[in-house]
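Thanks for coming. I have a few minutes on the cavities and the sheet, so let me put the structure up.

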Amino acid sequence: MDDLVEGDRIELTVGAPAHGGHCVARFGGPHGRVIFVRHALPGERVTAEITERHRGYLRADAVEIHEASPDRVEPPCRFAHPGGCGGCDLQHVSADAQLRWKTQVVREQLSRLGGLTPEEQDKIFVRTEPLGTGLLNWRSRIRYAVDAADRPGLLQHRSHQVVPIDRCLIAHPAIQELDLLRRSWPGSAALQAVASSGGDVVTLERPAGTSGSADGDPTEEPNGTGLARLAGPERVTEVVGGRTWEIPPDSFWQVHPEAAATLTTAVLEMLRPAEGEVTWDLYGGAGLFAAAVAPLTGARTTVVESSPAGVAAARANLADLPRVEVVQAAVETALSRRRIAGPVDLVVLDPPRAGAGAGVVRGIAAAEPRAVVYVACDPAALARDVKTFRSLGWQLAELRAFDCFPMTQHVECVALFLPA
């Protein structure tokens, strides 16, 4: 096993899915070395090509399928294959099996990192829920990288290598209709396209030599640093529950057209806001959840957001709600330095992929709210914070998971925490 190097091929029987878009296999028996295999399904017998070697484990791609799972389908995108575009992890997996895959990953993370038993999970969580719009044509914000030959495309998995493409099938139809992928882009480092729920379409460009993030990775939320608008309005309109937001096109917003409404509904159903209850909306962005909670409570609602663009958007779009205050600060700083202070009844938090972290969880618990709803885009980060909440005497009372990112390994969770 120690002699294996990148490019070697071995036969494996693939095991369960794991967080990260791969399945776990072992080479050399049940106690053999761990290999994380992409483009495979549980139970399949495959030939795997080693792509990375690490101390204690290897990474590989399934390049030949000898015994296929009944859940295997033909990927609809011709770029979704070993060595191709790395954005979609699960195009070879049937729709129902993708939901089962994500359910299993959430449960495994809650068990391994959160310390919940299977019996405890059975009481609070059933399965990942689809958003009902299918697996393709959903992504409303996407970033393309530009290679050395001026061709736009997306990145290989765990690589800065650009794969030139002529269409991304998970992109919103209005984005697919653009000519971004049918022309060359000399002098450009990245392109971004946005199709808002209000019908706006915007294209942006980052010139070569300027800074930015998430170039060419459709699974990452793009960061607008260094972007210049090529076409479309200066602000885009997003509509949720009859309320309208106007935000810069490179600001954070949920990328699935149904995600914002779906997550807002789940938050309200779990929180059950009552008149007079004081609320914190942490990592509040443009104020999506604050706008839903504040009219129901009629009480003080505080949005905490560190991004200047997010703060500006929240202040502009929530100006008609007089009991809403927007605080520009990192959440942990706001809690530790008492930029916000109790008493508070309800807390909503929607942290970035790294999660809230122990400091934020301790600060929330110390304020003794009636209920906390946590919106999480990474089940591992959520599970780590579950463990912290539980260590402080809180219980995870309900959990829902939503397939806000079809064809990828990503899953959005909404969790309700209550004082034990």
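A cavity here is a set of points, on a 1 Å grid over the protein atoms alone, where a 1.4 Å probe fits but cannot get out. Grid points are joined across faces, edges and corners, and a volume is the space filled by probe spheres set on the points. This is a predicted model, where local features need pLDDT of at least 70, side-chain atom pairs count only at pLDDT 80 or more, and totals for chains, interfaces and linings use all residues. Residues are numbered from 1 along each chain as its sequence is written, and side-chain values use heavy atoms, with hydrogens and water left out.

Two cavities reach 30 Å³ or more. The largest holds about 80 Å³. Its lining (residues with an atom within 4 Å of a point) includes Cys77, Phe79, Cys85, Cys88 and Arg167. By class, that lining has 10 nonpolar residues, one polar and one charged. Nonpolar means Ala, Val, Leu, Ile, Met, Phe, Trp, Tyr, Cys and Pro; charged means Asp, Glu, Lys and Arg; the others, Gly among them, are polar.

The second largest cavity has about 60 Å³ of space. Among its lining residues are Tyr144, Asp166, Arg167 and Arg182. Six of the lining residues are nonpolar, one is polar and three are charged.

Now the sheet. Six strands (DSSP runs of E, at least two residues, numbered from the N terminus) form an open, mixed sheet in the order β1-β5-β6-β4-β3-β2. The edge strands are β1, 9-13, and β2, 17-18. Pairing takes at least two DSSP bridges, and β2 has two to β3, residues 22-27, running antiparallel. Pro17 sits opposite Cys23 in β3.

Terms used: 1 Å grid on protein atoms, 1.4 Å probe; cavity = no way out; pocket = protein on both sides within 12 Å on 5 of 7 lines; lining within 4 Å. Helix = DSSP H or I, 4+ residues; strand = E, 2+ residues; numbered from the N terminus.
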